[in-house]
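This report introduces the structure shown below to a reader who has not met it before. A central strand pairing is described, followed by the sheet, the ligand surroundings and the overall dimensions.

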Amino acid sequence: MEIILEDIEKSYMVDGEPLPVLGGVSAAVGEGEFVSLIGPSGCGKSTLFNIICGLTGPDRGRVVLGGKTGARAGEVVSYMPQKDLLLPWRTVLDNVILAREVAGENRETARREARELMPLFGLAGFENSYPAELSGGMRQRAALMRAVLARRRVLLLDEPFGALDAITRTRMQQWLLEVWDKFRQAVFFVTHDIDEALILSDRVYVLTPRPARVCLHLEVGLPRPRRAETLTDPRFLALKRQIMRALLG
Ligand SMILES: Nc1ncnc2c1ncn2[C@@H]1O[C@H](COP(=O)(O)OP(=O)(O)OP(=O)(O)O)[C@@H](O)[C@H]1O
Ligand SMILES: [Mg+2]
């Protein structure tokens, strides 16, 4: 397993009172797997990702990364947070190579590799543009490209397509599956969108409202590649109904 979460609990102090956010969440992501996490707004999904990458610690429970206790998060996961954090003063090219540069790699080598991958990420011709000059979808792709280029074993993607219109979103899903196929990283993916989770994932975890616990764990099992027709497959609809029931309680 690349990520194992055991009974993670977390509260924040809000106005001097503890706010229980995670109420004992257990989950796992295996090598090369695509796993989604669905849950109501504010239930603690981003908090869980922050815990996985060590930005904050759990109150109780255990995080095991890369198969052995003690692997540093930075060695195993790359994180695309909910807000795309492209640096406005860097060009697209210099944004996407950021992790490589921080890792001490030669800037020109990293740039050369990134240039070759621009077409796959739909950014060819925009190497020297600044983030403010890109559309929302392009910014998301640049942020994703940066996470992919960090070359970690696991990608943590927190609602990467949340702000996009339905058509762009569908395109981005198909494209993400191509990227996943090419780079073979495991993906842990947060979304509110049941269709999106089922089209993309091998497995889905559904969380309760705060304090979050896993209330449903599904093996999707639909054949790949999944296309528009999958959305009307009776097996797909049965899974969707199951998730809706779990979410609506
Ligand atoms: N640093 C913090 N200090 C205090 N409270 C926090 C902090 N970060 C998050 N929270 C609270 O914890 C709860 C869970 O937040 P979190 O961002 O993890 O939810 P989420 O499931 O990602 O929501 P969404 O789907 O809207 O992104 C919320 O009530 C939020 O207000
Ligand atoms: Mg969130």
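## Strand β1 and its pairing with β4

The model described here is predicted. Strand β1 covers residues 3-14 and runs antiparallel to β4, to which five bridges join it. In this pairing, Glu-9 has Arg-60 of β4 opposite it.

## Pairing with β2 and the hairpin

Strand β1 also pairs with β2 in the antiparallel sense, here over 10 bridges. Glu-9 takes part in this description too, as it stands opposite Gly-23 in β2.

Strands β1 and β2 form a hairpin with two residues between the strands. In this hairpin, Asp-15 adopts a positive phi near 50°.

## The sheet and helix α1

Together these strands make up an open sheet of three strands, in the order β2-β1-β4 and with antiparallel pairing. Strands β2 (17-29) and β4 (60-65) lie at the edges, each pairing on one side only. From one strand to the next, the twist averages 30°.

Helix α1, residues 45-52, packs on this sheet and touches β1, β2 and β4. The direction of helix α1 makes about 115° with that of β1. As a general point, side chains in a regular strand alternate between the two faces of the sheet.

## Surroundings of ligand 1

Which elements each supply at least two residues of the shell around ligand 1? Both β1 and α1 do so. The largest share, three residues, comes from α1.

The residues around ligand 1 include Tyr-12, Val-14 and Val-21. Also among them are Gly-39, Ser-41, Gly-42, Cys-43, Gly-44, Lys-45, Ser-46 and Thr-47, as well as Gln-82. By character, the shell divides into four nonpolar residues, seven polar residues and one charged residue.

## The chain as a whole

The secondary structure of the protein chain amounts to nine helices and nine strands. Along its principal axes, the C-alpha trace spans about 50 × 45 × 35 Å. The radius of gyration of the protein chain is 18 Å, which agrees with a compact globule, because a globule of 249 residues would have a value near 18 Å.

Of the 249 residues, 33% count as buried. Contacts in the protein chain can also be viewed by separation in sequence: among those between residues at least 6 apart, 68% join residues at least 24 apart.

Key:
Residues are numbered from 1 along each chain as its sequence is written. Chains are lettered from A and ligands numbered from 1 in the order in which they are written. This is a predicted model: local features need pLDDT of at least 70, side-chain atom pairs count only at pLDDT 80 or more; totals for chains, interfaces and linings use all residues. Two strands pair if DSSP finds at least two bridges between them. Helices (H or I, at least four residues) and strands (E, at least two) are DSSP runs, numbered from the N terminus. Axes are lines fitted to C-alpha atoms, for helices over the stretch in contact, and angles run from 0 to 180 degrees between N-to-C directions. Two residues are in contact if their C-beta atoms, placed from the backbone, lie within 7 Å. A residue is near a molecule or strand if its C-beta atom, placed from the backbone, lies within 6 Å of it. Ala, Val, Leu, Ile, Met, Phe, Trp, Tyr, Cys and Pro count as nonpolar, Asp, Glu, Lys and Arg as charged, and the others, Gly among them, as polar. The radius of gyration is taken over C-alpha atoms; the globule rule is 2.2 Å times the number of residues to the power 0.38. A residue is buried if 20 or more other C-beta atoms lie within 10 Å of its own, exposed if 12 or fewer, and partly exposed in between; C-beta atoms are placed from the backbone.
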